Amino acid sequence: MKANKDTLIILSPGFAEDEAATTCLEAQQSLLLAINKLIPTLKITVVAFANSPANKNHSSHSNQVITLNYKKPHNLFRLYRCLKLWQTLSHLRKENRIIGFLSFGLGEWALMGGYFSRLHHYKHFTWLSAEDALKKNRYVKWITPAANTLVAMSDSICHSFFVTQGIKPAYSITPGIDPEIYPKMLTGKDIDILAIGSFAPLHHYTILI
């Protein structure tokens, strides 16, 4: 018997193993919490594709998290893990009143989510990060996403995706900040510019400096 609540299925390469892991996919976690606040009647189920084998299915801020526990196996296992994801989505469809799918990034999970959505006539959107806009992203030609199903994390990512893939995302929604999770600002300051992140070339810290 299907649940009475409308359900949004989120497909992600991974997810935080518990509520204390606030540095894992921070923007994605913040988005979920914002949706929880705005639409408290909406049920959200996250299917995490590549969590470590130690992680189990759990709940994060009342959102169901299903871990498939696949990292990057040999290509011989690709068919098996795709079938496993399809099986999971089929089970969720039987048990829930699904209103649509949202994929975090254009990866293998988005490929399967896109096929599943088309077959069962669900809406499917993808939130694009900078990594998705790289020219080497082979999943774009396999998925062939429509522009009106793509949401870029910034205007620059939107532009980069158009340059590298020839598709201009219809939407640009930047990650938000929840001021309630931060302490009150102290009076006075001794820092004018602050940057936090890894020194990966993708983040262009040389340009900042």
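**Exercise 1. Find the distance of the polar contact that joins the side chains of Asn-96 and Lys-43, then place Asn-96.**

Solution.
- Step 1. The side chains of Asn-96 and Lys-43 meet in a polar contact of 2.7 Å. Such a contact is a pair of N or O atoms within 3.5 Å; within protein, one must be able to donate a hydrogen and the other to accept it, and residues adjacent in sequence count only if both atoms are side-chain atoms.
- Step 2. This is a predicted model: local features need pLDDT of at least 70, side-chain atom pairs count only at pLDDT 80 or more, and totals for chains, interfaces and linings use all residues. Residues are numbered from 1 along each chain as its sequence is written, and side-chain values use heavy atoms, leaving out hydrogens and water.
- Step 3. Asn-96 sits in the loop between α2 (78-95) and β5 (97-104). Helices (H or I, at least four residues) and strands (E, at least two) are DSSP runs, numbered from the N terminus.
- Step 4. Asn-96 is buried, at a relative accessible area of 3%. Buried means under 20% relative accessible area, exposed over 50%, partly exposed in between (1.4 Å probe, protein chains only).

**Exercise 2. Describe the surroundings of Val-140.**

Solution.
- Step 1. Val-140 belongs to helix α4 (residues 139-143).
- Step 2. Its relative accessibility is 4%, so Val-140 counts as buried.
- Step 3. Beyond neighbours within four places in sequence, Val-140 is in contact (heavy atoms within 4.5 Å) with Leu-106, Pro-145, Phe-161, Gln-165 and Ile-167.
- Step 4. Take Leu-106: 34 residues separate it from Val-140 in sequence, and 7.0 Å in space, C-alpha to C-alpha.
- Step 5. Now turn to Phe-161. Not counting residues up to four places away in sequence, Phe-161 touches nine listed residues, among them Leu-106, Val-140 and Ile-167.

**Exercise 3. State how many residues the largest nonpolar core has, and which have the most contacts inside it.**

Solution.
- Step 1. A nonpolar core is a set of buried Ala, Val, Leu, Ile, Met, Phe, Trp, Tyr and Cys residues joined through side-chain atoms within 4.5 Å.
- Step 2. The largest one has 45 residues, and those with the most contacts inside it are Ile-9, Ile-10, Leu-85, Leu-89, Phe-101 and Phe-161.
- Step 3. Helix α3 (residues 108-120) contributes the most to this core, with five residues.

**Exercise 4. Summarise the whole protein chain.**

Solution.
- Step 1. Count the elements: six helices and eight strands.
- Step 2. Of the 209 residues, 39% are buried.
- Step 3. Among contacts between residues at least 6 apart in sequence, 59% join residues at least 24 apart.
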